[in-house]
Amino acid sequence: MTIRWAYNTNGLSSHRLDDALDLLADHGYAGVALTLDVAHHDPFAPELARRTAALADRLRGLGLGSVVETGARFLLDPRRKHQPTLVSAEAGDRSRRVAFLRLCVDVAADLGSEAVSFWAGVLAAGLDPDEAWKRLVHGVAAVTEYARVRGVTVAVEPEPGMLVDDLDDWSALQAEVPDIALALDTGHCIVSGRWDPADAVRAFAPQLGAVAVEDMPRGVHDHRAPGEGDMDLGAVVAALGAVGHDGLVSLELSRDSHRADRLVGEAIATLRALEDAR
């Protein structure tokens, strides 16, 4: 099975979205991981419905599938990175995150995206972990219920340092909110260290709603281009092929927008070579 490679627009922030999509299509990517942000399809700018319909037409014309990503750094708060979250201390802040995620579900539904991917958030200072977990479950359930009505898959991503840090935490959350899928970033596995990336692909294959790959130094949350870290990407690619994963698999290189003109082509060439070597 040929893997359907995608590229996250958070690694193309120096490109206009139209130009970024052209670049991906020209290099043979199957899709785009669209991070809704101030530079790319801002969900709070005017005429969202019209712009989303136009984007859906554009993606169809280029033959690109999509997943919607929600990890913009300063979209909700220009002074606090990745805030607010589902585990923020203030109820109003948590409600803002839920409303944003529901809006992302709307965009995904209108684009025909495969999934919406989101994370839990960092434990709010001074908040009891058990109370934070209850708030997280409440927020995830609210987003999931809305997504079910709209026919959209929602996938929760374990993120190093957040309340859902690794796959064991995700499994605990899924036990309480059964309808969530898994957004697996294989690079995160070698940060937390409790799951081998290829083993994670095999073990959680039925639950995969979104998948991201990149290189990463062991124990350090630093997204890097293929060949620049400690990830056994060949093993991950082989595992994805072995389980027959047919969803998009995206590269997330958010620190490399300055060299995206080269990396977009170099990365997919490396990944295809790993496929051929399986």
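These notebook entries cover the pockets and cavities I looked up in this structure.

**Entry 1, the model.** I am working from a predicted model.

**Entry 2, largest pocket.** I began with the open spaces. The largest pocket has a volume of about 620 Å³. I counted 35 residues in its lining. Those that lie nearest the centre of this pocket are Gly71, Arg73, His82, Glu159 and Glu252. I then sorted the lining of the largest pocket by class and got 19 polar residues, with eight nonpolar and eight charged.

**Entry 3, second largest pocket.** For the second largest pocket I noted a volume of about 170 Å³. Its lining includes Arg16, Leu17 and Asp18. Ala39, His40, His41 and Asp42 are also in the lining, as are Arg51, Ala54, Leu55 and Arg58. Which helices supply at least two residues each to this lining? I found helix H1 (17-26) and helix H2 (48-62). H2 gives the largest share, four residues. By class I have five charged, four nonpolar and two polar residues around the second largest pocket.

**Entry 4, closed spaces.** I turned to the cavities next. How many cavities of 30 Å³ or more are there? The count comes to three.

**Entry 5, largest cavity.** The largest cavity holds about 80 Å³ of space. I listed Pro158, Asp165, Asp166 and Leu167 among its lining residues. Ala183, Leu184 and Asp185 also line the largest cavity, together with His188, Cys189, Ser192 and Trp195. Strand S6 (181-185) and helix H6 (186-192) are the elements that give two or more residues to this lining. The classes are six nonpolar, three charged and two polar.

**Entry 6, second largest cavity.** I recorded about 60 Å³ of space in the second largest cavity. Lining residues here include Glu69, Ser117 and Glu157. I also have Ala183, Leu184 and Asp185, followed by Ala210, Val211 and Ala212, and finally Ser250 and Glu252. S6 and strand S7 (208-213) each supply at least two residues. This lining divides into five nonpolar, four charged and two polar residues.

**Entry 7, cross-check.** I compared the lists for residues that recur. Ala183, Leu184 and Asp185 line the largest cavity and also the second largest cavity. S6 contributes two or more residues to the lining of the largest cavity and at least two to that of the second largest cavity. Glu252 is in the lining of the second largest cavity and is one of the residues nearest the centre of the largest pocket.

Terms used:
Residues are numbered from 1 along each chain as its sequence is written. This is a predicted model: local features need pLDDT of at least 70, side-chain atom pairs count only at pLDDT 80 or more; totals for chains, interfaces and linings use all residues. Side-chain values use heavy atoms; hydrogens and water are left out. On a 1 Å grid over the protein atoms alone, a cavity is a set of points where a 1.4 Å probe fits but cannot get out, and a pocket is an open set with protein on both sides within 12 Å along at least five of seven lines; lining residues have an atom within 4 Å of a point. Grid points are joined across faces, edges and corners, and a volume is the space filled by probe spheres set on the points. Ala, Val, Leu, Ile, Met, Phe, Trp, Tyr, Cys and Pro count as nonpolar, Asp, Glu, Lys and Arg as charged, and the others, Gly among them, as polar.
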